[in-house]
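Hi there,

Here is the structure I promised to pass on. Have a look at it first, and then read on for what turned up in it.

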Amino acid sequence: MKSTMKNCAKWIMPLSLGLVMMACSDDEETPKEGYSQVTLKSTAEGNSESTSENNRVDVSGMSITSFQVGTRDMEMKYVSQAGIDAGISIGNGILETNISAELGSQVSQEKSLTLVADGESQVSVIGEGETPNGSYTEVIFKLYQHSEASAESEMKDKSMLIQGEVEGKSTQVWFAAEKQLRAVAESSQGYEVNGNTDMTVVFDLEAMFAGVEMDAALDANADGVVEIGPDNVDGNAALYSKIESNIESAIVLKNQ
Ligand SMILES: [Ca+2]
């Protein structure tokens, strides 16, 4: 009798250990209490004319063929679920940062995002992972200058690069500075995260080029490329500073 018990115990022990281990690995796939699995993406929106032959993103007379941007130190700001439960309203709430959560540590890294390629908008994933439940109201970040990029890279020493054509002339708009930017939620209440959710940092190209007369851009150094950048090689400083100030209100956080 005793030996039967012993034999049983021999089998039960590993069996229950196995069950415990299975339960543990299941736990790893579902977010921990108070957290949700969230994907933060980015894209660019413009006046994309799908009826045109080449499906380009057109803004202010510029046909945009590519748009690349570097980001770093990105943080997602939110009012915690506990704060909402305690009656803190979004406007008065003290915003918390998700930087120490799995998602926060991913999105804070240096990223190179391609948001328009071959004239078409692209969606790039900035990060995915667990983040605290709450109402997400904004994302802050810095542009990231690709100072370590190889000399052949288009993005070498740039933090943002838009390429395309204006009246058939090859045109480039770029930034080098690591400018601090902010994408505020389109909804004044922010976006509730409580379960799987996607959010998108949207660069609104129409807003970025609003009031910018691209057909006035010059190629003063006559190298065949109309350049609108911080070094003013082509005499387009006024257009550059307009775009640089526009970008501050041209980025929106959307729930999609
Ligand atoms: Ca030039």
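Two residues are in contact here if their C-beta atoms, placed from the backbone, lie within 7 Å. With that in mind, among contacts in the protein chain between residues at least 6 apart in sequence, 73% join residues at least 24 apart. Please keep in mind that this is a predicted model. The chain has five helices and 16 strands, and 35% of its 256 residues count as buried.

A good residue to start from is Y136, which sits in strand 9 (residues 134-143). Is Y136 buried or exposed? Y136 counts as buried because it has 25 C-beta neighbours inside 10 Å, and the cut-off for a buried residue is 20 or more. Setting aside the neighbours within four places in sequence, Y136 is in contact with M76, Y78, A185, G190, Y191, V193 and M199. You could also click on S80: this residue is 56 residues away from Y136 along the chain, yet their C-alpha atoms are separated by 8.6 Å.

Next, helix 5, which covers residues 237-246. Which of its residues are buried? They are L239, Y240 and I243. These residues cover an arc of only 100° around the axis, so they lie on the same side of helix 5. As for what they meet there, the buried residues of helix 5 pack against strand 11 (169-175), helix 4 and strand 15.

Finally, two backbone details that you may like to check on screen. Most residues other than glycine have a negative phi. Against that background, D118 has a phi near 50°, a positive value in a residue that is not glycine. Where is D118 placed? You will find D118 in the loop between strand 6 (111-117) and strand 7 (120-121). D118 counts as exposed, because 10 other C-beta atoms lie within 10 Å and the cut-off for exposed is 12 or fewer.

The other one is A222, with a positive phi of about 50° although it is not a glycine. A222 belongs to the loop between helix 4 (205-208) and strand 15 (226-228). With 8 other C-beta atoms within 10 Å, A222 is exposed. Helix 4 and strand 15, which border the loop of A222, are also among the elements that the buried residues of helix 5 pack against.

Happy browsing, and do write back with any questions!

Best wishes

Methods:
Residues numbered from 1 in each chain as written. Predicted model: local features only at pLDDT ≥ 70, side-chain atom pairs only at ≥ 80, totals over all residues. Helix = DSSP H or I, 4+ residues; strand = E, 2+ residues; numbered from the N terminus. Arc of directions from axis to C-beta.
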